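Please walk me through this structure, starting from the helices at the beginning of the chain and then turning to its charged side chains.

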Amino acid sequence: MLLGNEPVLEPQARLYQRLLAGDPDEATDHAEEFLKQGYLIDFYDKIGIPALLIGERDRQRGVMLDEQRVRFAESTQALVANLREIAEEEENEEQAAEKDDADNPSRPDKQQGDLPDGEGRSLICIGGRGEIDDAAAAMLAQVFEVQGAAASVAGHPMLEAARIRELALKDVDAAVVLYLNGQSSAHARHAVRRLKRLRRGLRVGILIPQIDAEAAAGSAIAWAEINADFIVSSIADAVVAGLQDTPPVPLKAAPRRLLRSRSGVRSEATPAPALGP
């Protein structure tokens with residue numbers, strides 16, 4: 001290992017190490033090496049998000065201190081900002097390719113063209129539960145912009161009941177909430193309900209990268225009950241689903257609950273009607 005030319009760590013582990021150390025510039029250098037042959041969406045799906053998952057797993061295990069978590073998230077946000085110029089170049093390439101109705105000859109493994117055009121579409125990407133989720137939301141928003149869509153980012157505090165009305169959703173077609181913690185189905189259910197109540201006709205999706213098959217299978221039923229318009233596990237799938245023109249899933253009625261009257265008799269409460277698109 002000492003004399004060989006093979007890297008000791010996997011790319012996502014190396015990226016995690018640099019971000020945890022608060023070194024976004026070196027992390028950017030590694031990203032740019034990858035981007036000489038690949039697209040931004042590939043980097044985020046294959047290296048960026050997996051690096052964030054390592055961080056989230058360490059946070060859950062309690063081996064990442066609060067100070068380290070904040071530094072890790074801030075370094076990731078700086079990395080995304082450093083890659084903005086590359087994102088703009090890819091957007092220009094995509095627009096030129098669509099205008100010429102031809103693939104980009106400099107990248108024969110072209111994958112970007114498989115994604116839908118986002119021209120005229122507006123989306124908001126929201127971190128689900130913490131600063132690391134916020135960083136993942138910034139990655140997704142940048143890819144939406146590459147596809148020609150207008151994309152904004154909101155931090156996880158904006159999903160709180162006391163602050164959610166501060167979100168600017170008037171002209172937004174879809175909202176995507178990102179969770180790196182696979183045990184977030186209850187939080188996601190409330191987030192989807194709040195967003196759909198806030199604006200009729202809003203499509204709300206969930207991006208939750210799968211950490212392992214066992215965890216995914218164990219939480220499949222819980223995630224299926226959150227009333228989202230789509231649930232995806234990669235940035236590529238989130239872009240495809242987020243830019244679709246399908247009508248939003250109607251908001252389900254709240255569960256019926258028993259109320260106790262003054263006389264002590266229990267009766268069923270009438271659920272609120274479901275909201276349509």
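**Helix 1 and its surroundings**

In this predicted model, the cover over the buried residues of helix 1 includes helix 2, helix 3 (40-61) and helix 4 (66-82). Helix 1 spans residues 11-20, and the residues buried in this helix are L15, Y16, R18, L19 and L20. Q12 is also found in helix 1, but it counts as partly exposed because its relative accessibility is 23%, whereas buried means under 20%. The C-alpha atoms of Q12 and I49 are 8.2 Å apart, although 37 residues separate the two in sequence. Leaving aside residues up to four places away in sequence, Q12 touches K46, I47, P50, A51 and I54. Just after helix 1, G22 adopts a positive phi of about 75 degrees.

The acidic side chains of D25, D29, E32, E85, E88 and E89 form a negative surface patch, to which helix 2 (24-35) and helix 5 each supply at least two residues. One of the patch residues, E32, lies in helix 2 and is partly exposed, with a relative accessibility of 35%.

Side chains of opposite charge can pair when their charged atoms come close. Across the whole structure, a search finds 12 salt bridges. Among them is the one between R69 and D66, whose closest N and O atoms are 2.8 Å apart; both residues lie in helix 4, three residues apart, or about one turn of the helix. The two partners are covered to unlike extents, since R69 is buried at a relative accessible area of 17%, while D66 counts as exposed at 54%.

A second salt bridge joins the side chains of R84 and E145, at 3.4 Å from N to O. This pair links distant parts of the chain, with R84 in helix 5 and E145 in helix 6 (residues 131-146), 61 residues apart. R84 is partly exposed at 40% relative accessible area, and E145 is likewise partly exposed at 23%.

R163 and E166 form another salt bridge, with their closest N and O atoms 3.3 Å apart; R163 is partly exposed at 32% relative accessibility, and E166 is partly exposed at 49%. Elsewhere, salt bridges that share partners join R18, D23 and E26 into one network.

Finally, R121 is found in the loop between helix 5 (84-100) and strand 1 (122-127). R121 counts as buried because its relative accessible area is 18%, and, not counting residues up to four places away in sequence, it touches A149, A150, D173, G242, L243, Q244 and D245.

Definitions and conventions
Residues numbered from 1 in each chain as written. Predicted model: local features only at pLDDT ≥ 70, side-chain atom pairs only at ≥ 80, totals over all residues. Heavy atoms only, no water. Helix = DSSP H or I, 4+ residues; strand = E, 2+ residues; numbered from the N terminus. Buried < 20%, exposed > 50% of the residue type's maximum accessible area, 1.4 Å probe, protein only. Contact = heavy atoms within 4.5 Å. Patch = residues over 30% accessible without salt bridge, like charges linked within 9 Å, V, L, I, M, F, W, Y side chains within 5 Å. Areas by Shrake-Rupley, 256 points an atom, 1.4 Å probe, with all protein chains shown as cover. Salt bridge = Lys/Arg side-chain N within 4 Å of Asp/Glu carboxyl O. Lys, Arg positive; Asp, Glu negative; His and termini not counted. Charge placed at Lys NZ, Arg CZ, Asp CG, Glu CD.
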